[in-house]
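Walk through this model with attention to its aromatic side chains and the strands around them.

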Amino acid sequence: MATTQEQISAAAQAGKPINARCPVKTDQPAKPELNATYHGVVIGFCCNMCKGKWNNDPEMFAKNVPELKPILAKMEKDKDKAATMTGPCDCKKVVKGYYC
């Protein structure tokens with residue numbers, strides 16, 4: 001069964017790892033109890049050795065987590081959108097406050 005974006009988001013919010021496979025030893029299943037946070041997303045590992053390698057250089061292994069790519073892309077898109085907002089809810093500014 002394929003993992004949907006909604007399942008990945010729900011897992012990330014629940015503190016469960018989003019990945020099924022270890023990002024360091026990609027042929028090993030990830031254990032939910034061995035995890036670390038990367039850009040607010042929980043990543044699982046197969047062993048403490050892999051978790052230590054990840055902590056030393058997460059950027060090197062992040063590409064091995066296919067579930068992470070759409071989440072990071074959405075975060076980047078949301079960041080760009082927030083930078084262009086003109087008001088608290090992207091409203092047009094009027095003389096006395098914002099107009100929604």
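In this predicted model, the structure holds two aromatic pairs. One of them joins Tyr38 and Trp54: the ring centres are 5.3 Å apart and the planes stand at 75°, so the pair is edge-to-face. An angle over 60 degrees is what places a pair in that class. Tyr38 belongs to strand S1, while Trp54 sits in helix H2 (residues 48-56), so the contact between their rings ties together parts that are 16 residues apart in sequence. Tyr38 is buried, with a relative accessible area of 7%, and Trp54 is buried as well, at 2%. Ring pairs also bring in Phe45, linking Tyr38, Phe45 and Trp54 into a cluster.

The strand that carries Tyr38 is part of a hairpin. Strand S1 (residues 31-38) pairs with strand S2 (residues 41-45) in the antiparallel sense, over five bridges. Within this pairing, Asn35 has Gly44 of S2 as its bridge partner. Two residues lie between the strands of the hairpin, and His39 there takes a positive phi near 55°.

Ala36 is another residue of strand S1. Its relative accessibility is 10%, and because the cut-off for buried is under 20%, Ala36 counts as buried. What does Ala36 contact, leaving aside its neighbours within four places in sequence? The contacts are Val41, Val42, Ile43, Phe45, Lys51, Trp54 and Asn55. For Lys51, which is 15 residues from Ala36 along the chain, the separation of the two C-alpha atoms is 7.3 Å. Phe45 and Trp54, both contacts of Ala36, are also members of the ring cluster with Tyr38.

Terms used
Residues are numbered from 1 along each chain as its sequence is written. This is a predicted model: local features need pLDDT of at least 70, side-chain atom pairs count only at pLDDT 80 or more; totals for chains, interfaces and linings use all residues. Side-chain values use heavy atoms; hydrogens and water are left out. Two strands pair if DSSP finds at least two bridges between them. Helices (H or I, at least four residues) and strands (E, at least two) are DSSP runs, numbered from the N terminus. Rings of Phe, Tyr and Trp (its six-membered ring) pair if their centres lie within 6.5 Å; planes under 30 degrees apart count as stacked, over 60 as edge-to-face and the rest as tilted. Buried means under 20% relative accessible area, exposed over 50%, partly exposed in between (1.4 Å probe, protein chains only). Contact means heavy atoms within 4.5 Å.
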